[in-house]
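Got your viewer open? Load the model, switch to cartoon view, and keep the selection box handy for a short walk around.

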Amino acid sequence: MPTDSIWSYAPGLDHARGADLTGYTVVARDGTAGHVDRQAGHHGMPHLVVDTGVWVFGRSLLVPVGVITSVDTAERKLTVSCTRAELKAAPRFRTDSETMDLVYLTTVGLYYGELPREERPAG
């Protein structure tokens, strides 16, 4: 997946663009990964900060919107194309200032952009 598309919603997810996804459950390919704590879009790189709860010892993750494969507004959940292990192995997110750090965001984009992808369903 090209790195620039990692920062864009997949085709068919136009309803998610601009929506408040805070509080939505994040589901990885192999189980629940946490919930959306907040959203940001500095440097034209929209992403979610996901609170993982106890499975990664309370660690938060930064997840680009390009890995979202579906959004269910009725159930308030979204699915990502990654496994929990891939999410956990992403560049470590430590402070909110990193959501504005272009170098950090670029590193995150490169990581997610190099992960193998399953075909993303529309809608």
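**Start with a strand pair**

Select Val27 and then Thr32 in strand 2: the two are bridge partners. Strands here, like helices, are DSSP runs (helices are H or I with at least four residues, strands are E with at least two), numbered from the N terminus. Before going further, note that this is a predicted model, where local features need pLDDT of at least 70 and side-chain atom pairs count only at pLDDT 80 or more, while totals for chains, interfaces and linings use all residues. Residues are numbered from 1 along each chain as its sequence is written, and side-chain values use heavy atoms, with hydrogens and water left out.

Now widen the selection to strand 1 and strand 2 (residues 31–40), which pair in the antiparallel sense over four bridges. Two strands count as paired if DSSP finds at least two bridges between them. Just two residues sit between strand 1 and strand 2 in their hairpin.

**Along the sheet**

Next, add strand 3 (residues 47–51), which joins strand 4 by five antiparallel bridges. Strand 2 and strand 3 also pair antiparallel over five bridges; click Gln39 and you can find its bridge partner, Leu48, in strand 3. The hairpin here has six residues between its strands, and His43 in the turn has a positive phi of about 60 degrees.

Go to the other side of strand 1 (residues 25–28): three bridges join it to strand 6, and these two run parallel. Pick Val26 and you'll see it stands opposite Leu78 in strand 6. Strand 6 (residues 77–80) has a covered face, Leu78 and Val80, and an uncovered one, Lys77 and Thr79. Strand 5 pairs with strand 6 in the antiparallel sense over four bridges, and Ser70 stands opposite Thr79.

Zoom out now. In what order do the six strands of the open sheet lie? The order is 4-3-2-1-6-5, with mixed pairing. Strand 4 (60–64) and strand 5 (68–72) are at the edges with a single partner strand each, so one side of each has no neighbour in the sheet.

**A stop at Thr52**

Select Thr52, in the loop between strand 3 and strand 4. Is Thr52 buried or exposed? It counts as buried, at 4% relative accessibility (buried means under 20% relative accessible area, exposed over 50%, partly exposed in between, with a 1.4 Å probe and protein chains only). Its side chain reaches the backbone oxygen of Arg59 at 2.4 Å. That is a polar contact: a pair of N or O atoms within 3.5 Å where, within protein, one must be able to donate a hydrogen and the other to accept it, and residues adjacent in sequence count only if both atoms are side-chain atoms.

**Last stop: helix 2**

Select residues 102–114, which make up helix 2. Colour Tyr104, Leu105, Val108, Gly109, Tyr112 and Gly113, which are buried. They cover an arc of only 165 degrees around the axis (taken from the directions from the helix axis to the C-beta atoms), which puts them on the same side of helix 2. On the other side, Val103 and Glu114 are exposed.

What do the buried residues of helix 2 pack against? Show strand 3, strand 4 and helix 1 (84–88) to see their partners; contact means heavy atoms within 4.5 Å. To finish, look at the start of helix 2, where a side-chain oxygen of Asp101 reaches to within 2.9 Å of the backbone nitrogen of Val103.

Definitions and conventions:
Axes fitted to C-alpha atoms, helices over the stretch in contact; angles between N-to-C directions.
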